[in-house]
Amino acid sequence: MTGQQGSRIGHVETVTARAYRVPTESGPEADGTLVWNATEFVVVEISGAGHTGLGYSYTSAGAARALIESRLADAILREDIFDLPRLWLRMNDALRNAGRPGLGSMAVSALDQALWDLKSRVLQVPLALLLGRAQSCLPVYGSGGFVNSDDDTLCGQLRSWLNSGITAVKIKIGSGLSEDVRRVALARQTIGGSVELMVDANGAYDARGALALMEHLQPFRVSWFEEPVSSDNLAALRWLRNRSPAGMAIAAGEYGWGSEYFHRMLAHEAVDVLQADATRCGVTGFLQAATLCNAFSVPLSIHCAPAIQVSVGVAVPLLKHLEYFHDHVRIENLLFASGNRFDAGHLYPNIEVPGHGVSLIDEQADRYRI
């Protein structure tokens, strides 16, 4: 039985995908394992019942667009707008021979976001209210501090976050023990003693190297060590978590695509804080991660893409914070309108309009279209 046969409201009528590439602000940026000079993302629009929903994902945009057009759109066309669990399963089943993790899951994520937005718009309810709020706003932390930034750039970025009312900041590390310690010391000197300091190695170290670095970072009161080793190495993450200094949380999970991934990480007791990203696991996968966090009594932190995720994040009871990543904040402010409100280090979702409230500014985005 198709969604069209069972629906009283409407069905998915059209699916469109567009790819974009936005250069970095001022030359290449780097973390502990990667250098990039642009951010690519795919934007999806799904229409039905007189409304259109939007979603997007940061990924290899041209390939994601092709996958959506060639395989995933057919899985949801003519299906019931409200049957989101069914559509989630159909899209994931369509990836069986294409590969689910990575590109496949990120393409599904953009579609899943758009479907939730569409459902909310059809019901004329803000997405934050449709899901139900556990809190009215989310605390954010400033994120950037790329390893190839000079000291003046690093300190200027840190000060800009503090001046906006943000009270927690994160910098990239992974250049080697001595350079990492030097930059963390500089960051602590710049932000003072009352601001939370976090670091992200993006999996640049092995377990013993990460442990040695932890010991050197302890005097600077680093409260968060993200991906000290590869997030695929759950045994090493757990080994480090059991040896980390008091007050230093181990975090990972940003590459999660669904409940299997998140459950495996939590069951291995690999993290103190689980990360999830609705541009990689969709709204549906994000809600699965939140439920698992409740079951394991582990807090959840939102990875990147703040404008599109704040409406979902307020539904999470054990939500720790939302990453205010430099590149994504810049792109969202440049190319999207949301109506979200930032105030004193907190982001408030737009609850004055149906859906998540995010829309693409076409005249701005067209110059970056692939």
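Two residues are in contact when heavy atoms of theirs lie within 4.5 Å. This cut-off is applied below to a predicted model, beginning with one residue and then widening to the chain.

Ala270 is located in the loop that runs between helix H10 (259-267) and strand E11 (273-276). Although it belongs to a loop, Ala270 has a relative accessibility of 0% and therefore counts as buried, the limit for that class being under 20%. Leaving aside residues up to four places away in sequence, Ala270 touches Leu234, Leu237, Arg238, Arg241, Ile250 and Met265. One of these partners, Leu237, is 33 residues from Ala270 in sequence, yet the two C-alpha atoms are 5.1 Å apart in space.

The chain as a whole contains 14 helices and 17 strands. Its radius of gyration is 20 Å, close to the 21 Å that the globule rule gives for 370 residues, so the chain is as compact as a globular protein of that length. Along the principal axes, the C-alpha trace spans about 65 × 40 × 35 Å.

Contacts across the sequence can also be considered for the entire chain. Among contacts between residues at least 6 apart in sequence, 71% join residues at least 24 apart. Burial can be viewed in the same way: 57% of the 370 residues count as buried, and Ala270 is one that does.

The surface and the charges complete the description. The accessible surface of the chain comes to about 14,400 Å², and carbon and sulfur atoms account for 48% of it. The chain carries 31 positive and 39 negative side chains, and the centres of these two sets lie 3 Å apart.

Methods:
Residues are numbered from 1 along each chain as its sequence is written. This is a predicted model: local features need pLDDT of at least 70, side-chain atom pairs count only at pLDDT 80 or more; totals for chains, interfaces and linings use all residues. Side-chain values use heavy atoms; hydrogens and water are left out. Helices (H or I, at least four residues) and strands (E, at least two) are DSSP runs, numbered from the N terminus. Buried means under 20% relative accessible area, exposed over 50%, partly exposed in between (1.4 Å probe, protein chains only). The radius of gyration is taken over C-alpha atoms; the globule rule is 2.2 Å times the number of residues to the power 0.38. Accessible areas come from the Shrake-Rupley method with a 1.4 Å probe; for residues, only the protein chains shown count as cover. Lys and Arg count as positive and Asp and Glu as negative; His and the chain ends are not counted. The place of a charge is taken as NZ of Lys, CZ of Arg, CG of Asp or CD of Glu.
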